[in-house]
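Subject: Handing over the structure

Dear colleague,

Please find below the structure that I promised to pass on to you. I would suggest keeping it open while you read the notes that follow it.

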Amino acid sequence: MALEPFACFMDVEHSRSYIDELYSEDTYKCQEAIVCLKNAVIGSNKKKGSVISQGIVPRLIALLRDDTKDANLRLDAAIVIGSLAKGTESQVHSLIYYETVQVLLSIVLNSGTDRRLLETCLGALKTILQYPFAPTELLHCNIRNLVCLIQLASPDSSIQCQVYVANIFVPLCHSSHQQKNLCQANVIPFLARLMISQLTILQVPALKCLAAMCFTNKYVSDIVCMTCHEEQSILDILTGLLSRTRDVQIQLSASRCLTYLHRSGSLRADDYRIVYKTLPSLARLCSEGFDEETRATAAETLAYLAEIDSELQRLAAISHHLISSLANLIRCPSPLSRQGAFRCFASLAANDEDIRKRIIEMDGLMEEVLNGLKDTCPEVRLSAVRCLHSLSRSVQLLRTTFQDHSVWRPLMDLLVGEPSLELLTVVTSTICNLLLEFSPAKEPMLDSGAVEMLCELTKHSDPALRLNGSWALMNMAFQAEQKVKSKIIDTLGTDRIFQLLSDSDERVIMKTLGLLRNLLSNTLHIENIMSEHSSEVLRAVNLVLDGPHPPEVKEQALIIISNITAGARDKDYVMEDENIIKKIREFLVVSDNKLQMGAVFVVRNLMEKTGRQQVLRESGILENLEQLLHMTPRDSQFYEDIRQEILRFDFADDH
């Protein structure tokens, strides 16, 4: 075959002879040209790109789908398409543009397709579908497509055919709908059969697919937990695959399956498969004896496994020298390794002070975290901030290590530009902790524009960021000086406070009330703030008292009222507000204990000043106190508190 003229075409792209021969109706000439084309594109992305730019793909597809053409010609066309699919991302985009997936799918679903052509098309389909932009919906649009693929990979089919189908299923689980689709197509029993096949090339994709199906999907996870294959439950199959005698990728993939089954809510945290099998296996796979990618994936998976359970975090921290392994992994060159290590540290340090201490004592660890904040990889930066967030829950570290390294500076720097929503959320959550009253970072952050930044954050469209903004301002206002409180009020503005108290997210309302409570927490400060903003403050309180909020929210409003009654000496702000007095009277006899106790607390503070008893009596407060007394168990401290307030009315009358 004359390869040189074709090679010239590929390099110079002037000759049209071989292009013309691809379009020839002479089977021999077309076959000769396509064989040359096949040999040229293998292993060369440059030549793949040249073929695509010359517009040859539509011709290849036409040859492939024409079942009147010679079988070898169609097979070679499929081989070339499969080779092009192994090119660059942009080249795969071009194949998708020419509807290659639809053609490949129609051929593999055709029962009359030749076995060699079938396997070649399955291989090309598998390669294309691994890309996140691939049109996976084409397979999901009809559940029969999925069922047919399973039938193609029957035990009687070739191993290669089963491998291709198993790998095709892996990226088909991007959404809850797709996960359920696969479940309804009976993919789970198919995967179970592959998992016990003793062939790694079948077991690994089967496990990856099962993990993807179970991820955050309790419906599918419950079915997996109840499914058996050849009298063995899938849970037992997975547990057996964690054995050290298994291929490392099988151990890792089986661990991920069990992790996702737990996090979906189908396996309890104290299940022996989690505590004694999955967790130790993942911790061991993080150690230096394994390749970097395996260690990184194991660390990421372990982070997810233990993320919300303090006991699993404690067990992980003492398993297989995990903290030391992660400290080593964090210094590896790949972004995936650093990301996994940071995320795992974040998970381990989420709740336990002793674990935080052990992590921070690793040599050079804090420097690595700070370097992570400046990493060029966004995922590494995010994971490093998550790690810092967990460590920032330690009072001791805030006062020592965080202060020594001026952690607040690089954190504030991350807010510059256009950080992702996820990064912005974690950074501001960490800032909330840095603004606690015992943190030395509080003062320099105030001087660096933290108030303005946080007030701006409360206007964000995302509720998590509005929450963090109001939460951080609440922390900043706690036991703060008058000038700081005034700056918060002036910068935030009373209109914004009203908007936050009407927020759709109840947590935002709670933190805004916490902010008001901290602003109104010192007698002198209360006098100063109320003298300027009394109408706005009382309006805000009434807004909450009158709103359809749960008792926990209204209780916060009652605490603010109590603070005002205790601290405002010059004027009876609360006594002059008929609606507040009315609400206090009502709350005394509601069925909720929080509101009853809050109302009694307000009454106690109101009674501290003489001359109010008669007004309170006329308002029905005493009557409702007596009613509350009869509703309360005699042996409780609350009963005694109510009785004392009633006696104060009597004492005031006697004098």
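How many disulfides does the structure hold? Before I answer, please keep in mind that this is a predicted model. The structure holds 0 disulfides, and two of the cysteines help to show what lies behind that number. C30 takes part in no disulfide, and the nearest cysteine sulfur to its own, that of C36, is 12 Å away. C209 has a closer candidate in C173, but because a disulfide needs two cysteine sulfur atoms within 2.5 Å, the 4.4 Å that separates the sulfur of C209 from that of C173 is too far for a bond. Both cysteines count as buried, C30 with a relative accessible area of 1% and C209 with a relative accessible area of 0%.

C30 leads on to another residue that you may like to find in the model, since L22 touches C30. L22 is found in helix 2, which covers residues 17–22, and at a relative accessibility of 1% it counts as buried. Leaving aside residues up to four places away in sequence, L22 touches A33, I34, L37, I56, R59 and L63 as well as C30. For a sense of scale, L22 and I360 are 338 residues apart in sequence, and their C-alpha atoms are 66 Å apart in space.

Two of the residues that L22 touches, I56 and R59, bring us to a stretch that carries an annotation. An unreviewed UniProt entry places the feature "repeat: ARM" at residues 55–91. In this model the span is 70% helix and 0% strand, and the C-alpha atoms at its two ends lie 12 Å apart.

Next come the pockets. Rolling a probe the size of a water molecule over the atoms shows where empty space is left. The largest pocket has a volume of about 950 Å³ and is lined by 29 residues, among which K208, R256, Y260, T297 and T301 lie nearest its centre. Which helices each supply at least two residues of this lining? They are helix 13 (176–184), helix 15 (200–214), helix 18 (248–263), helix 20 (292–306) and helix 23 (335–348), and the largest share, 7 residues, comes from helix 20. By type, the residues of this lining divide into 12 nonpolar, 11 polar and 6 charged.

The second largest pocket holds about 480 Å³ of space. It is lined by 20 residues, and the closest to its centre are R386, H389, R393, V426 and S429. Two or more residues of this lining come from each of helix 23, helix 26 (378–391), helix 30 (421–434) and helix 33 (463–477), with helix 30 giving the most, 5 residues. The residues of this second lining divide into 8 nonpolar, 7 polar and 5 charged.

Among the residues closest to the centre of the second largest pocket, H389 is a good one to look at in more detail. Is H389 buried or exposed? H389 has its place in helix 26, and because buried means a relative accessible area under 20%, its relative accessibility of 17% makes it count as buried. Not counting residues up to four places away in sequence, H389 touches V426, S429, T430 and N433, and V426 and S429 are themselves listed with H389 as closest to the centre of the pocket.

With best wishes

How values were computed
Residues numbered from 1 in each chain as written. Predicted model: local features only at pLDDT ≥ 70, side-chain atom pairs only at ≥ 80, totals over all residues. Heavy atoms only, no water. 1 Å grid on protein atoms, 1.4 Å probe; cavity = no way out; pocket = protein on both sides within 12 Å on 5 of 7 lines; lining within 4 Å. Points joined across faces, edges and corners; volume = space filled by probe spheres on them. Helix = DSSP H or I, 4+ residues; strand = E, 2+ residues; numbered from the N terminus. Nonpolar A, V, L, I, M, F, W, Y, C, P; charged D, E, K, R; others polar. UniProt positions renumbered as here; feature names shortened; annotations may be inferred. Buried < 20%, exposed > 50% of the residue type's maximum accessible area, 1.4 Å probe, protein only. Contact = heavy atoms within 4.5 Å.
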